[in-house]
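Me: Please take one residue and look closely at its surroundings. Then work outward through the side-chain pairs and the core.

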Amino acid sequence: PQKIFLHANGVASFEESSVGELSYVSDPANPVPSIGGYELSLPAGPRDQQSIESRNDLLVFTTGPLDEPLELTGNVTARLTLTSDAPDTDLVVRLCDVYPDGRSFNICEGALRLSLRGGLERQVWLKRGEPVTMEIKLWPTSMIFNRGHRLRVHVASSSSPALEPNRQNGQPPRTGAAQVATNRILLGGDRSFLTLPVFPAR
């Protein structure tokens with residue numbers, strides 16, 4: 001396993017990042033659209049993500065071009081530390097393969113509703129501004145990122161219609177008015193990174 005760290009300047013790298021943060025606004029009335037992925041009723045599989053990567057409610061972190069092919073085989077996980085001004089929010093994390101021509105294809109992804117971070121039995125609300133650290137499973141993959149390609153990480157709080165938008169209001173699901181949330185991802189040290197199953201070069 002190797003860690004890929006998220007930097008405040010939008011870079012992802014195998015070098016530990018310095019302390020910083022990035023924020024975005026999550027609006028349940030205007031969720032990030034789902035493009036491809038592990039869907040049953042939507043067009044599924046790898047799809048070019050460029051159309052959503054310029055949104056201001058989706059953080060994008062990208063490595064430099066790879067000098068050699070990189071094989072990932074196994075489980076991909078993300079560890080993110082964040083604060084929110086809402087009592088609930090979701091985390092959606094996606095790993096993409098960026099081609100030299102700019103096309104950005106989703107490889108694996110995962111999501112977590114933070115009020116259910118302790119299990120499905122009960123909801124535990126966030127405290128305004130209090131940092132929480134979460135682990136999100138992006139599920140297994142087996143993929144070779146070719147020489148000249150880049151790895152890209154998405155961080156957002158919605159992916160609709162694949163996931164029903166979280167109303168973020170601290171009430172039971174599908175009740176009450178939706179609340180806009182400002183979410184801050186805390187960076188530096190071991191606060192926010194992905195763990196990649198790097199397969200040894202043959």
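Reply: What follows starts from R94 and moves outward.

This is a predicted model, so two cut-offs apply: local features need pLDDT of at least 70 and side-chain atom pairs count only at pLDDT 80 or more, while totals for chains, interfaces and linings use all residues. Residues are numbered from 1 along each chain as its sequence is written, and side-chain values use heavy atoms, with hydrogens and water left out.

R94 sits in strand β6, residues 90-98. Strands here are DSSP runs of E, at least two residues long, numbered from the N terminus. R94 has 3% relative accessibility and therefore counts as buried. Buried means under 20% relative accessible area, exposed means over 50%, and partly exposed is in between, using a 1.4 Å probe and protein chains only.

What does R94 touch? Leaving out residues up to four places away in sequence, its contacts are Q49, I52, L58, N106, C108, E109, L138, R152, V153, H154 and S159. A contact is a pair of heavy atoms within 4.5 Å.

One of these partners is E109. The two side chains make a polar contact at 3.3 Å. That term covers N or O atoms within 3.5 Å; within protein, one must be able to donate a hydrogen and the other to accept it, and residues adjacent in sequence count only if both atoms are side-chain atoms. E109 and R94 also form a salt bridge, at 3.3 Å from N to O. The bridge joins distant parts of the chain: E109 is in strand β7 (residues 104-113), R94 is in β6, and 15 residues separate them. Both E109 and R94 are buried.

A salt bridge needs a side-chain nitrogen of Lys or Arg within 4 Å of a carboxyl oxygen of Asp or Glu. By this rule there are nine. Among them is E164 with R174, at 3.0 Å from N to O. E164 and R174 both lie in the loop between β9 (150-156) and β10 (181-187), so the pair ties together parts that are 10 residues apart in sequence. E164 is partly exposed at 42% relative accessibility. R174 is exposed at 62%. P173 lies in that loop between β9 and β10 too, and is exposed, with a relative accessible area of 56%. The C-alpha atoms of P173 and S157 are 16 Å apart, with these positions 16 residues apart along the chain.

R55 and D57 form another bridge, at 2.8 Å from N to O. R55 is partly exposed at 21% relative accessibility. D57 is buried at 5% relative accessible area.

Next, the rings. Phe, Tyr and Trp rings (six-membered for Trp) pair if their centres lie within 6.5 Å; planes under 30 degrees apart are stacked, over 60 edge-to-face, and the rest tilted. The count is two aromatic pairs. F5 and F193 make a tilted pair, 5.9 Å between centres and 55° between planes. F5 is in strand β1 (residues 2-6) and F193 in strand β11 (residues 193-196), 188 residues apart. Both F5 and F193 are buried. Y99 and F105 have centres 5.3 Å apart and planes at 70°, so this pair is edge-to-face. Y99 is partly exposed at 28% relative accessibility, whereas F105 is buried at 19%.

Charges sit over two of these rings. K3 lies over the face of F193, 4.6 Å from the ring centre. R103 lies over the face of Y99, at 4.7 Å. The rule asks for NZ of Lys or CZ of Arg within 6 Å of the ring centre and within 35 degrees of the ring normal.

Now the interior. A nonpolar core is a set of buried Ala, Val, Leu, Ile, Met, Phe, Trp, Tyr and Cys residues joined through side-chain atoms within 4.5 Å. The largest one has 31 residues, and L91, L95, L138, V155, I185 and L194 have the most contacts inside it. Two or more residues come from each of β1, β4 (58-62), β5 (70-84), β6, β8 (132-145), β9, β10 and β11. Strand β5 gives the most, with six. Another core, of five residues, lies apart from it and includes V32, I35, L58 and A156. L58 is also one of the contacts of R94.

Notes. Helix = DSSP H or I, 4+ residues; strand = E, 2+ residues; numbered from the N terminus.
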